[in-house]
Every structure is written in structure tokens, then in C-alpha cells.
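Open the structure in your viewer and keep the sequence panel beside it. We will go stop by stop, selecting as we go.

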Amino acid sequence: MPHAALAHPPRWLTNAQLHPQPCAGVRDWLFNEDSLTRRLTALSADGFSVTPLQEGWQRLRADECVLLGVADGSQGWVREVYLRGHEQPWVFARSVAARSVLEGSGLNLAELGSRSLGELLFSDRAFDRGELQACRYPAAWLPAEVREERLWARRSCFSRGALGVLVAEVFLPAFWQAAGIEA
Ligand SMILES: C=C(O[C@@H]1C=C(C(=O)O)C=C[C@H]1O)C(=O)O
């Protein structure tokens, strides 16, 4: 989804920077470092699936370029998916990596399809996960059918040498309902 130029780009904050703190249930899902795929698989009693929405080379957003350490306006591979529980979209996820380091890295995100990126990132012990950050996600960056203001999102960067894969996950209202948490 081409990025909408925002008047106020999101402020991504660490757990320690987040004030006021959200409730314990929300904080656990925002900052737990286990694979979200594994946790959603458990929560859905194996009713988990991944639906690619759009993938391809795009101009990365300013906050993505800053985190990945590439020049503003750099090209990168963008993968946007729904993580579903019992076919319901529970999480909108956007994963990006800069073209300059992805090409030649041996990591082929285009081949993933409906397999979880997490299975790849957590199975390859060469990837290190950076610190998790959270924000209220800009509604303009969401697909129209799930667009809402102030949805909780988190992001972290999985690094392997010079390669960084920035994964952002936006928790949708249907997820909080399934988890029994008032977000
Ligand atoms: C990083 C993970 O991979 C998940 C899978 C994704 C995908 O397939 O595009 C995107 C976001 C992640 O939640 C994980 O499971 O923790």
C-alpha cells in the first residue's frame, strides 16, 4: 500500500518510555519477545493462518528508513499480511527490508506466500531481534476494511549481519476480543 504522507508520523516508544502504561494484558502482547505466530497459533488452538495482502518493491516510509539506517526514500521489499485466527483478521503486519541489503542476502521474501515470516526469522539463529517499540498506529496506514484510529502496534527489527527485516504488527479489535483483553 503506497504510504500516505502523514502530518504526524508515529512515535515508536519502548516499554520503559511508554507513559501512561497500557494495562498488563496489552503490555504483555506488545512487548513479549516470543514469536507472535507461535502465540497466535496457541491462542487460536491451531486456527492460525497468514494471508498476504500485497508484496513488492516500494519506496519505504521515513520512519522505516530511519530504523533501517538507509537514506530517506530508499526502495525496499514490502510485505503486508493479515495474521488470522479462525479466518478472522487479528493482526495487520507490514514487514520491510531495504533493497540495497536484501538483494544478494539469500533471503527471498517473495517466496514466502502464506507461510509465516516468523517461522523463517525464528528458525534461523543468525537473526537477532532488536528492542520492541510500540505506538498508536496511524489509521491512514491500515487497509480500508480495518481502518481505525489508535490501534496498538509494535515493531522490531530482526538483524543478520548487514540485513535488517523490520516487522510491524498492528493488533486489530477482533484480536483483543479473542484474547479477552480490553485494549
Ligand atoms: C515475526 C513474526 O512473523 C509474523 C509473520 C509475518 C508474515 O508472515 O508476514 C508478519 C509478522 C509476524 O508477526 C512472528 O511470528 O513473530
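The tour starts with the whole chain, moves to the ligand, and ends at some unusual spots.

**Stop 1: the whole chain**

Select the protein chain and show it as a cartoon. This is a predicted model. Colour the chain by confidence: the mean pLDDT is 95, and 97% of the residues reach 70 or more. The model scores ipTM 0.96 and pTM 0.96.

Now colour by secondary structure. The protein chain has 6 helices and 7 strands. Trace them along the sequence and you get the pattern α-α-β-α-β-β-α-α-β-β-β-β-α. The radius of gyration is 15 Å, and the globule rule gives 16 Å for 183 residues. Those two values are close, so the chain is as compact as a globular protein of that length.

Turn the view slowly. Along its principal axes the C-alpha trace spans about 45 × 35 × 30 Å. How many of the 183 residues count as buried? The share is 34%. Next, think about contacts between residues at least 6 apart in sequence. Of these, 67% join residues at least 24 apart.

**Stop 2: around the ligand**

Select the ligand and zoom in. Which residues are closest to the ligand? They are Leu-36, Thr-37, Ala-93, Leu-117 and Gly-118, out of 15 residues that surround the ligand. Show these as sticks.

Now see which elements build the shell. Those that give two or more residues are helix H2 (36-43), strand S2 (75-85), strand S3 (88-98), helix H5 (117-123) and strand S7 (163-171). Colour the shell by residue class. You should find 8 nonpolar, 5 polar and 2 charged residues.

**Stop 3: the recorded binding site**

Select Arg-79, Leu-117 and Glu-169. An unreviewed UniProt entry lists these residues under "binding site". They span 91 residues in sequence, but no two of their C-alpha atoms are more than 12.1 Å apart, so they gather at one spot.

Take Leu-117 by itself. Leu-117 lies in helix H5. Is Leu-117 buried or exposed? Leu-117 has 22 C-beta neighbours inside 10 Å, and the cut-off for buried is 20 or more, so Leu-117 counts as buried. Leaving out residues up to four places away in sequence, Leu-117 touches Arg-79, Ser-95, Leu-112 and Val-167. One of those contacts, Arg-79, is also in the UniProt list.

Move to Glu-169, in strand S7. Glu-169 is buried too, because 26 other C-beta atoms lie within 10 Å. Select its contacts, again skipping residues up to four places away: Leu-36, Val-91, Ala-93, Ala-153 and Arg-154. Leu-36 and Ala-93 are among the residues closest to the ligand.

**Stop 4: a buried arginine in a loop**

Select Arg-61. Arg-61 lies in the loop between strand S1 (48-59) and helix H3 (62-68). Arg-61 is buried, with 26 other C-beta atoms within 10 Å. Add Gly-76 to the selection. Arg-61 and Gly-76 are 15 residues apart in sequence, and their C-alpha atoms are 9.6 Å apart in space.

**Stop 5: backbone oddities**

Keep one rule in mind here. Most residues other than glycine have a negative phi, and most peptide bonds are trans.

Select His-19 and Pro-20. What kind of peptide bond joins them? The bond is cis, with omega about -5°. Pro-20 is in the segment before helix H1 (24-31).

Next, select His-86, in the loop between S2 and S3. Phi of His-86 is near 50°, a positive value. His-86 counts as partly exposed, because 13 C-beta neighbours lie inside 10 Å.

Glu-87 is in the loop between S2 and S3 as well. Phi of Glu-87 is near 75°, again positive in a residue other than glycine. With 10 C-beta neighbours inside 10 Å, Glu-87 counts as exposed.

**Stop 6: a long distance across the model**

Select Ala-16, in the segment before H1. Ala-16 counts as exposed, because 9 C-beta neighbours lie inside 10 Å. Now add Glu-111 and draw a line between the two C-alpha atoms. How far apart are Ala-16 and Glu-111 in space? The separation is 37 Å, and the two are 95 residues apart along the chain.

Definitions and conventions
Residues are numbered from 1 along each chain as its sequence is written. This is a predicted model: local features need pLDDT of at least 70, side-chain atom pairs count only at pLDDT 80 or more; totals for chains, interfaces and linings use all residues. A residue is near a molecule or strand if its C-beta atom, placed from the backbone, lies within 6 Å of it. Helices (H or I, at least four residues) and strands (E, at least two) are DSSP runs, numbered from the N terminus. Ala, Val, Leu, Ile, Met, Phe, Trp, Tyr, Cys and Pro count as nonpolar, Asp, Glu, Lys and Arg as charged, and the others, Gly among them, as polar. pLDDT is the predictor's confidence in each residue, from 0 to 100. UniProt positions are given in the numbering used here, feature names are shortened, and annotations may be inferred rather than shown by experiment. A residue is buried if 20 or more other C-beta atoms lie within 10 Å of its own, exposed if 12 or fewer, and partly exposed in between; C-beta atoms are placed from the backbone. Two residues are in contact if their C-beta atoms, placed from the backbone, lie within 7 Å. The radius of gyration is taken over C-alpha atoms; the globule rule is 2.2 Å times the number of residues to the power 0.38.
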